[in-house]
Amino acid sequence: MDLLKERIRKQADIINADVLRVDMFLNHQIDVGLLNEIGKEFYSLFKNDGINKILTVEASGIGIACVTAQYFSVPVVFAKKGVNRNVGNEVYTSSVFSFTKSAHSVIGVSKKYLSPEDTVLIIDDFLANGSALEGLMDIVRQANATLAGAGIVIEKAFQGGGARIRASGVRVVSLAIIESMDGGKIVFG
Ligand code: 5GP
């Protein structure tokens with residue numbers, strides 16, 4: 001998506017070899033006009049897949065998922081972070097490792113909001129090593145729901161999560177794919 005790549009090129013900060021900061025339009029201050037274009041793009045990619053629910057994880061995924069959901073006219077469910085593993089049998093849980101925070105956390109979704117009748121599109125802001133996406137996929141599996149695929153805003157391909165998850169047969173579509181950030185230069189795929 002050229003508009004997004006252009007914005008990354010102009011504004012994103014490379015924090016270190018692995019982390020890109022896009023606080024100025026996506027993760028802190030939000031450019032809703034850009035989000036609208038992102039939502040439209042996800043809709044055009046997945047509109048024929050019978051999606052009736054969008055799943056994401058708090059916090060950064062929520063805005064993107066909500067704008068996208070308006071095009072699909074479906075609800076958004078977001079996994080909560082910091083859920084207790086022993087939360088009881090009302091919640092699907094999965095463990096996720098955040099490399100940006102170097103910490104494991106448990107994400108959870110109430111069983112009330114995902115069921116075998118659902119066809120789910122997962123949305124997230126970044127795909128890096130793939131842990132967040134695999135955690136969400138695990139929750140879809142536990143719910144016996146159908147996974148239509150995943151829509152990612154920015155994938156850092158050099159961290160390998162996207163390749164591994166695609167190899168498992170899941171349709172992962174990323175609107176901007178970064179092949180490398182070596183030497184402070186962003187190279188798109
Ligand atoms: P993964 O689980 O694929 O390793 O990382 C994905 C999650 O980590 C995303 O939900 C996102 O919140 C966060 N993340 C990964 N890489 C970056 C990055 O370069 N910048 C920011 N702001 N967040 C990232």
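A residue counts as exposed when its relative accessible area is over 50% and as buried when that value is under 20%, with partly exposed in between. Serine 73, at 66% relative accessibility, is therefore exposed. This residue makes a good starting point for a walk through the structure, which is a predicted model.

Serine 73 sits in the loop that connects helix 4 to strand 4 (76–81). Its phi is positive, about 55 degrees, although serine 73 is not a glycine. Most residues other than glycine have a negative phi, and most peptide bonds are trans. A second residue with a positive phi is asparagine 144, where the angle is near 55 degrees and the residue is again something other than glycine. Asparagine 144 belongs to the loop between helix 5 (131–142) and strand 8. With a relative accessible area of 56%, asparagine 144 is exposed, because this value is over the 50% cut-off. The backbone also holds a cis peptide bond, which joins glutamate 58 to alanine 59 with omega at about 0 degrees. Alanine 59 is part of the loop running between strand 3 (53–57) and helix 4.

Helix 4 itself deserves a closer look. Its buried residues are Gly61, Ile64, Ala65, Val67, Thr68, Ala69 and Phe72. The cover over these buried residues includes helix 2, helix 3, strand 3, strand 4, strand 7 and strand 8. After helix 4 comes serine 73, already introduced for its positive phi near 55 degrees.

One residue of helix 4 also takes part in an aromatic pair, and the structure holds one such pair. Its partners are tyrosine 43 and phenylalanine 72, arranged edge-to-face with 4.9 Å from centre to centre and 85 degrees between the planes. The pair brings together distant parts of the chain, as tyrosine 43 lies in helix 3 and phenylalanine 72 in helix 4, 29 residues apart. The two partners can also be described by their accessibility. Phenylalanine 72 has 11% relative accessibility and so counts as buried, while tyrosine 43, at 30%, counts as partly exposed.

From here the view can widen to the nonpolar interior. The largest nonpolar core has 35 residues, and the members that touch the most others are Leu4, Ile8, Leu20, Ile38 and Ile54. At least two residues of this core come from each of helix 1 (2–11), helix 2 (23–27), helix 3 (32–46), helix 4 (60–72), strand 7 (119–127), strand 8 (146–156) and strand 9 (172–180). A second core, separate from this one, has 24 residues, among them Val109, Ala145, Ile152 and Val172. Isoleucine 54 shows what the surroundings of a core member look like. Residues up to four places away in sequence aside, isoleucine 54 touches Ala65, Thr68, Ala69, Phe72, Val74, Pro75, Val76, Val77, Leu121 and Ile123.

The ligand has 16 residues around it, of which Leu20, Ala128, Gly130, Ala132 and Lys156 come nearest. Several polar atoms of the protein can be placed relative to oxygen atoms of the ligand. For alanine 128, a backbone N or O atom lies 2.8 Å from a ligand oxygen, and for alanine 132, a backbone N or O atom likewise lies 2.8 Å from an oxygen atom of the ligand. In aspartate 125, a polar side-chain atom is found 3.4 Å from an oxygen atom of the ligand. The ligand taken alone exposes 500 Å², and the protein buries 86% of that area.

Two further residues complete the picture. Serine 174 is located in strand 9 and, with a relative accessibility of 12%, counts as buried. Its side chain joins that of glutamate 155 in a polar contact of 2.6 Å. Beyond its neighbours within four places in sequence, serine 174 is in contact with Ile152, Val153, Glu155 and Arg166.

Isoleucine 14 belongs to strand 1 (residues 13–14). At 28% relative accessibility, isoleucine 14 counts as partly exposed. The C-alpha atoms of isoleucine 14 and aspartate 182 are separated by 9.7 Å, though these residues are 168 residues apart along the chain. Neighbours within four places in sequence aside, the contacts of isoleucine 14 are Val19, Leu20, Met181, Gly184, Lys185 and Ile186.

How values were computed
Residues are numbered from 1 along each chain as its sequence is written. This is a predicted model: local features need pLDDT of at least 70, side-chain atom pairs count only at pLDDT 80 or more; totals for chains, interfaces and linings use all residues. Side-chain values use heavy atoms; hydrogens and water are left out. A nonpolar core is a set of buried Ala, Val, Leu, Ile, Met, Phe, Trp, Tyr and Cys residues joined through side-chain atoms within 4.5 Å. Buried means under 20% relative accessible area, exposed over 50%, partly exposed in between (1.4 Å probe, protein chains only). Helices (H or I, at least four residues) and strands (E, at least two) are DSSP runs, numbered from the N terminus. Contact means heavy atoms within 4.5 Å. A residue is near a molecule or strand if one of its heavy atoms lies within 4 Å of it. A polar contact is a pair of N or O atoms within 3.5 Å; within protein, one must be able to donate a hydrogen and the other to accept it, and residues adjacent in sequence count only if both atoms are side-chain atoms. Accessible areas come from the Shrake-Rupley method with a 1.4 Å probe; for residues, only the protein chains shown count as cover. Rings of Phe, Tyr and Trp (its six-membered ring) pair if their centres lie within 6.5 Å; planes under 30 degrees apart count as stacked, over 60 as edge-to-face and the rest as tilted.
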